[in-house]
Amino acid sequence: MKRNEFLKMCGLLGISLPLQSVLSSCSSSNINSNNNPPESVIIIGAGAAGMAAGHLLAQQGINFQILEATSSYGGRMKHNTSFVDFPIPLGAEWLHVNPSIFSEIINDNSANIDITTVGYNSSLDFGIDANSGEQITLSDIGLVIDRKFVDSTWLSFFETYVLPSVASKIIYNSPITNIDYSGDEIVVTDTDGQEYSAEKLIVTIPLRILQNGSVNFNPQLPNNKQNAINDATVWSGFKAFIEFSNKFYPTFISYTTTPETAGQKLYYDASYGQNTIQNVLGLFSVGTEAETYINLNSDSERIDFMLNELNAVFNSNIASSSYIQHTFQNWNAEPYANGAYVYDYESSNRVYRLGQSVNNKVYFAGDVYTTGNDWGSVHAAARSAKRAVQEMIS
């Protein structure tokens with residue numbers, strides 16, 4: 001079963017994704033640790049997986065550093081807090097599993113978690129199929145279990161509950177060019193020639209960056225690992241948020257991509273569940289659907305294109321006449337991401353190989369470096385971080 005089929009089935013059945021069994025043994029009070037945990041760990045990347053891994057290492061008293069290529073933490077959880085009166089998630093947006101995932105990530109039973117999410121109402125919320133004009137339901141596109149953050153985002157959650165334990169350990173503006181794991185200690189080198197060494201390494205570098213060859217491994221990664229990296233398909237990614245003077249649209253507007261493996265596209269009510277009177281319509285697009293917008297020459301052409309296609313759905317000038325402002329996020333243009341995530345139709349065996357460690361020294365964590373059952377989300381990234389830490393200290 002491909003990941004997209006698995007997720008759709010979960011949505012149709014109204015169930016959450018299964019928890020990985022390793023999580024129950026990885027906690028600050030009960031951890032399956034050996035008598036010789038690593039004295040030092042380097043984590044490459046301060047996104048969801050990197051911060052989650054550092055958070056767990058801090059709980060275990062293990063020394064670590066996080067090397068971040070950009071000037072800020074969060075990775076693809078980026079958000080905008082100035083566009084309207086609630087935070088806009090430019091990257092990761094929905095919660096695809098039970099809210100209990102927050103407790104799993106924090107890994108501290110004493111923590112008071114104050115995060116509100118809201119689910120869709122299958123009896124009231126509906127959408128439009130833009131291709132046929134027909135009304136469709138939440139289950140038609142697998143949105144049954146998905147939840148929206150209210151007045152917060154995935155990044156807000158990490159800032160509040162995870163960042164405090166790792167903030168002092170993050171070194172910014174340190175893109176890595178070389179990873180030498182040939183000796184007793186691993187040595188990583190950044191673009192300025194600065195070297196960092198540790199006993200163990202956790203790599204959370206987005207897959208497109210590994211694919212373009214900007215990071216050299218010495219020795220080279222095993223063939224099965226490198227082939228998995230080279231052969232995996234990463235979707236392009238583009239998001240847009242448009243404010244309108246009135247709400248003329250339903251909960252979502254769905255488009256059919258041909259072939260379906262080429263991408264996905266969905267307009268959706270971004271104000272859904274928020275404490276606001278502002279009307280914001282979001283656009284989520286990946287694969288060839290994202291490239292349609294990315295390949296236009298300017299932002300003015302992009303917004304004109306969007307307004308015209310929305311006008312066409314409602315057979316009127318309603319979108320153009322209600323338009324107020326917009327903001328865009330082109331993930332292909334982010335220098336240390338270069339795309340969205342590995343596509344839903346990827347081989348689960350290939351994803352499994354992407355997540356495997358090398359020589360009990362180099363571990364991989366992130367939204368695609370998983371066990372092969374689930375990928376492309378923040379919760380998958382956080383769970384992969386727990387798996388990597390557990391494997392490292394067991």
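Lysine 239 is a good place to start: in this predicted model, lysine 239 is buried, with a relative accessible area of 4%. What does its charged end pair with? Glutamate 93 forms a salt bridge with lysine 239, and their closest N and O atoms are 2.6 Å apart. The pair connects distant parts of the chain, since glutamate 93 sits in the loop between strand E4 (88-89) and helix H3 (101-106) while lysine 239 belongs to strand E15 (residues 237-244), 146 residues apart. Glutamate 93 has a relative accessible area of 5%, and because buried means under 20%, it counts as buried too. As a general point, side chains of opposite charge can pair when their charged atoms come close.

This pair does not stand alone. Salt bridges with shared partners join Glu93, Lys148 and Lys239 into one network. The count for the model comes to 8 salt bridges, and two others are worth a visit. In one of them, glutamate 104 meets arginine 383, with 3.5 Å between the closest N and O atoms. Here the link runs from helix H3, which holds glutamate 104, to helix H12 (residues 378-393), which holds arginine 383, across 279 residues of sequence. Both glutamate 104 and arginine 383 are buried.

In another, glutamate 309 pairs with lysine 265, the closest N and O atoms being 2.8 Å apart. Glutamate 309 lies in helix H9 (residues 299-314) and lysine 265 in strand E17 (residues 263-269), with 44 residues of separation. Once more, glutamate 309 and lysine 265 are both buried.

Let us stay with H9 for a moment. Do its ends lie where a helix of this length should put them, or elsewhere? At 1.5 Å a residue, its 16 residues should span 22 Å, and the end C-alpha atoms are 23 Å apart, which agrees. The buried residues of H9 are Arg302, Ile303, Met306, Leu307, Glu309, Leu310 and Asn311. An α-helix has 3.6 residues a turn, so residues three or four places apart point the same way. With that in mind, the spacing of the buried positions, including Ile303, Met306, Leu307 and Leu310, is worth following along the helix. Serine 300 also lies in H9, but this residue is partly exposed, with a relative accessible area of 45%. Serine 300 is 24 Å from phenylalanine 86 in space, C-alpha to C-alpha, and 214 residues from it in sequence. After the helix comes asparagine 315, whose phi is positive, near 50°.

Now to the sheets. One is an open sheet of 5 strands in the order E9-E2-E1-E13-E20, with parallel pairing. Strand E9 (170-171) and strand E20 (362-364) are its edge strands, each pairing on one side only. E2 and E9 are joined in the parallel sense over 2 bridges, and leucine 67 has isoleucine 171 in E9 as its bridge partner.

Another open sheet has 4 strands, in the order E12-E11-E10-E14, and its pairing is mixed. Strand E12 (195-198) and strand E14 (216-218) stand at the edges with a single partner strand each, so one side of each is left without a neighbour in the sheet. From one strand to the next, the twist averages 15°. Strand E10 (residues 176-180) and E14 run parallel and are joined by 3 bridges; within this pairing, asparagine 178 has asparagine 216 in E14 as its bridge partner.

Finally, the nonpolar interior. In soluble globular proteins, nonpolar side chains tend to be buried together. The largest nonpolar core here has 43 residues, and Met77, Trp154, Phe157, Phe158 and Ile202 have the most contacts inside it. Strand E1 (40-44), helix H2 (48-59), strand E2 (63-67), H3, helix H4 (154-161), helix H5 (163-166) and H12 each give two or more residues to this core. H12 gives the most, with 8 residues. Which residues surround isoleucine 202? Leaving aside neighbours within four places in sequence, isoleucine 202 is in contact with Val41, Ile42, Ile43, Ile44, Ala53, Tyr363, Ala365, Val389 and Met392. Apart from this core lies another, of 32 residues, among them Val188, Ala228, Ala232 and Leu354.

Key
Residues numbered from 1 in each chain as written. Predicted model: local features only at pLDDT ≥ 70, side-chain atom pairs only at ≥ 80, totals over all residues. Heavy atoms only, no water. Salt bridge = Lys/Arg side-chain N within 4 Å of Asp/Glu carboxyl O. Buried < 20%, exposed > 50% of the residue type's maximum accessible area, 1.4 Å probe, protein only. Expected span 1.5 Å × (residues − 1). Pairing = 2+ DSSP bridges. Axes fitted to C-alpha atoms, helices over the stretch in contact; angles between N-to-C directions. Core = buried A, V, L, I, M, F, W, Y, C linked by side-chain atoms within 4.5 Å. Contact = heavy atoms within 4.5 Å.
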